[in-house]
Every structure is written in C-alpha cells, then in structure tokens.
Amino acid sequence: MTSSITLPPAGPYTLASARLHGALTPGLRRQPDGDGFVGCDLLVSEGHIARIAPPGAVPRGGETLDLAGRVVLPAFVDCHTHLDKGHISPRKPNPNGTFEAALQTAGEDRAARWTADDLRRRMDFSLRSAHAHGTVAIRTHLDSIAPQDEISWPVFQEMREEWRGRIILQAACLAGIDLYRDAAWFNALVRRVKEAGGVLGAVTWMLPDLDALLDRMFVSASEHGLDLDFHVDETSDPASVSLRHIAEAAIRHRFAGKILCGHCCSLAQQADGEADRTLDLVARADIAVVSLPLCNLYLQDRRADGTTPRWRGVTLLHEMKARGITVAVASDNTRDPFHAYGDLDMLEVFRAATRVAHLDHPFGDWIAAATATPARIMGLDGFGILRESDPADFVILKGRRWTEVLARPEADRIVVRGGRTIARTLPDYSELDDLMGAA
C-alpha cells in the first residue's frame, strides 16, 4: 500500500482505487464487499467531485494518485455536542465522576467563569480540533439559564459567522424543562432561539406536569417553526420514561418539525415489553435518536463505592433501527465534568460505538450514523455523503477495511475540504492555561 499521499495544491486530480462506502455514495450500482465498500476512482475538479466511477473508468484529469484501496469517507457530522462546556475539566474537575457531581460542578463553573471571552476561546479551541479531525457540521447545546443565555447566544452567533465555510454550526437551547413553568421567561427564550436561527431544546425529567410542559414546547415550536432537541432519560432508572411522553406529545400535536432525542439510556434497563411500547411510539412519531457512547460510558452506573459498573448506558440502537427509527451517534461533552476526555473526533466516536454497541457482524450501513444520518437530522442536504457535483469534502484514511480503520486512531488521516488538503495541526492545550485558574 502506498505509504503517503500528497494531493496537488491546485488543478484537477484523480484518486484511483479508493474504497467508498455504498451507503454513503448514492448511485453506485455495484455490489459492495462484506464491509460495504466499493472500489472507485474519483475525479476532483474546481473543488467538487466531478466524477465517481469504477476503477479505470474515470477520464484522468491532472495528476493521478493511487490510493491502493484506502477508505475514503465523507466529512463527518456531529449532531450533539456542548461547545460551551468544553475543556473546563482542568479548572473544575468532576470530584467523583458521577452525573450528580457533573451537574453541580459544571453549574458552579458556569456561574463563576463563563464570560464571553472565556466561551469564545474554548469554543474556538474545540472547533479547531473538530475541523482537524474532519468534521464539517456541528450542533451544540447552549446552557440557557438566565443570565447565561444573554452571554452564550451572542458568542455562538459570532462563532457561527467566524467559522462559516469551514464548519456549519447549529445551536439548541438547554435548560431543565421544569424552568419552562415560567411562561414569560420561556417565551423570551423562544424568541432568542428563533432570532438566532436555533433549535428549541430541554432536559426532560419525570415531573407531575411533564405532559403540560411538553405541550407548551410543542405548541411554541409549531408557532415559531422551530425543531426540537431533547436530553432524555440519561439515567439507569427504568421508571424514567420521558421518551414515551415526548413521542405521545409529538403524535398528539401532529408535530411537523424535526425531533431529536439524545441519550435515552433508561430504555436498556426496562423490561422488553415496556421498551417495545415506547419504541413503537417513537417510530410512529418519527423521532430521531442520538446515542452518546463516550459520555454515557463515562457517567452511567458510576459507583461512589468504587465498585465496577454493571452496565454501560448505551440505548437500544439495534431495536430502534429495526423499527426504522433514525439513529445517530455523536461526541457529546469534551473534557468537562460530564466527560473528562474526547476531542470532537467523530471517527473515535464511531470506533467506540462499534465496540460498545456491537455495530458490526454485520457493519451494514452503521457508518451513516456518523455522517449522512446526522446531516439529515440537521437538515443539511448533500452532507455526509459523496456525490457527483457536491463539494469535495472527505477524509482519506490509511485503512482499507473496517478491521484496519477501527484498529488504530488514524491520526495520519488526510482531511480534504473543497478538494484541497487542510492543515491538521491540533491546538495545544497550553493555549488555555490562563483560563484554567481556580474557579
């Protein structure tokens, strides 16, 4: 296999003998191999994919580079992150790794340190990391408890403009749904989200008035043309069934927008019949679900007595997919009290999801959960796939099959945007040292 590939700095070129995934390459009519890959040549011209064809069938344009069977994936899409929390662990670590401690420590750091400059620098650090790893679009949740909403949303809008053309940014507001009992405050938040082109979100709890609060959200989202994004049942408690309540609300309101629910961990702790009833409703309501394997591995079943966790917090992805429910995976938190590690690397996320949730035997089209599916959830046409005439945004890997791609970090991957290789120098953590004083 060719040891190194150097794309030309200008002019058209052909990538010969690439492996493209059939699920991510519309129009391929050849039988894929056992991993789902098909051998292809790609002609790249003027920043776009000019042609995808069988090996040897593409009219050679400019320089030809032999990939010798390397996998080429579309640029990644990350539909559930927390850019505002990123990289605060050095100054505000989780004292015991539990979910309850994460809530407390993150809240304390927010109240003490989340100025506009602090947010801007940490968010930019995260975005540079994601960009270097090959991500082209991100949805972030923004803690929107007053007065933080007056700081975080303007900073997000600045970052969205600054990163335009490199990473598409979306934002969803984040607050406990119990706070939406204050109708005046809720309506003001909805207006802020609407003006910023955002998504209406909440953390759902099993509250006596949960259905009434969901009704308030669905009515407001319908009136303002907003999509919905929930943090749902991030717990091992089988009695936590707010996902079912969200599905029933979506059906009750005949909601026409997109709905995304993250986590949904408690489903895996419920009896089969109980979980099946919820999943049938989720399918009927056309709700998409995103699993966050890295964060849920870190938090779920964390035991204060130091004993080994008995379950790993992954939701019922296979059962969802079997019902036709849209499922994705995403990064979630990065170096903060909810997850002390991570780097917004969607290949790392997919690798973890494959191992933890058994997304192999067969691999099928599971790679779409990190590419095409989150792009569809975010309403981004043409992203997460490789298609003729679309921008040449892709990642060239060293591996030739999944056993190679997922065995190593692929730290030497080649990230291509608009047909040209980008610099992949990751930001140094020392850049944030002056922000890491005691909170």
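Two strands count as paired when DSSP finds at least two bridges between them. With that in hand, this predicted model can be read strand by strand.

Start with strand 7, residues 135-143, and strand 8. These two strands pair in the parallel sense, over 7 bridges. One bridge is easy to find by residue. Leu-142 has Cys-173, in strand 8, as its bridge partner. Now follow the chain between the two strands. Helix 3, residues 149-162, joins them in a β-α-β unit, and this unit is right-handed.

How is strand 8 placed within the structure, and why? Strand 8 covers residues 168-174, and 6 of its 7 residues are buried. Buried here means under 20% relative accessible area. Strand 8 is therefore largely enclosed by the rest of the structure.

Move on to strand 9, residues 200-203, and strand 10. They run parallel and are joined by 4 bridges. Ala-202 stands opposite Phe-230 of strand 10. The chain leaves strand 9, passes through helix 5 (residues 210-224) and arrives at strand 10. This β-α-β crossover is right-handed.

Strand 10 deserves a pause. Of its 5 residues, 5 are buried. Which residues cover each side? Leu-228, Phe-230 and Val-232 lie on one side, with Asp-229 and His-231 on the other. Each of these residues is buried, and both faces of strand 10 are covered.

Strand 10 also pairs with strand 11, residues 259-263. That pairing is parallel and has 5 bridges. Here Asp-229 stands opposite Leu-260 in strand 11. The link between the two strands is helix 6, residues 242-253, and strand 10, helix 6 and strand 11 form a right-handed β-α-β unit.

Now turn from the strands to the open spaces. The largest pocket holds about 720 Å³ of space. It is lined by 37 residues. Closest to its centre are Phe-99, Leu-103, Trp-205, Glu-234 and Phe-338. Which element gives the largest share of this lining? Helix 1 does, with 6 residues. Helix 1 spans 99-113, and strand 10 spans 228-232; each supplies at least two residues of the lining. By class, the lining of the largest pocket has 14 nonpolar, 12 polar and 11 charged residues.

The second largest pocket holds about 210 Å³. Among the residues that line the second largest pocket are Phe-255, Ala-256, Gly-257, Lys-258 and Ile-259. Further along the chain, the lining includes Ala-285, Asp-286 and Ala-288. Thr-326, Arg-376 and Ile-377 also belong to the lining. This lining divides into 6 nonpolar, 2 polar and 3 charged residues.

Finally, look for closed space. How many cavities of 30 Å³ or more does the structure hold? It holds 1. The largest cavity has a volume of about 30 Å³. Its lining includes Leu-294, Ser-331, Asn-333, Thr-334 and His-339. Gly-342, Asp-343, Leu-344, Asp-345, Glu-348 and Val-349 line the largest cavity as well. By class, the lining of the largest cavity has 3 nonpolar, 5 polar and 3 charged residues.

Terms used: Residues numbered from 1 in each chain as written. Predicted model: local features only at pLDDT ≥ 70, side-chain atom pairs only at ≥ 80, totals over all residues. Heavy atoms only, no water. Buried < 20%, exposed > 50% of the residue type's maximum accessible area, 1.4 Å probe, protein only. Right-handed = clockwise from strand over helix to strand, strands pointing away. 1 Å grid on protein atoms, 1.4 Å probe; cavity = no way out; pocket = protein on both sides within 12 Å on 5 of 7 lines; lining within 4 Å. Points joined across faces, edges and corners; volume = space filled by probe spheres on them. Nonpolar A, V, L, I, M, F, W, Y, C, P; charged D, E, K, R; others polar.
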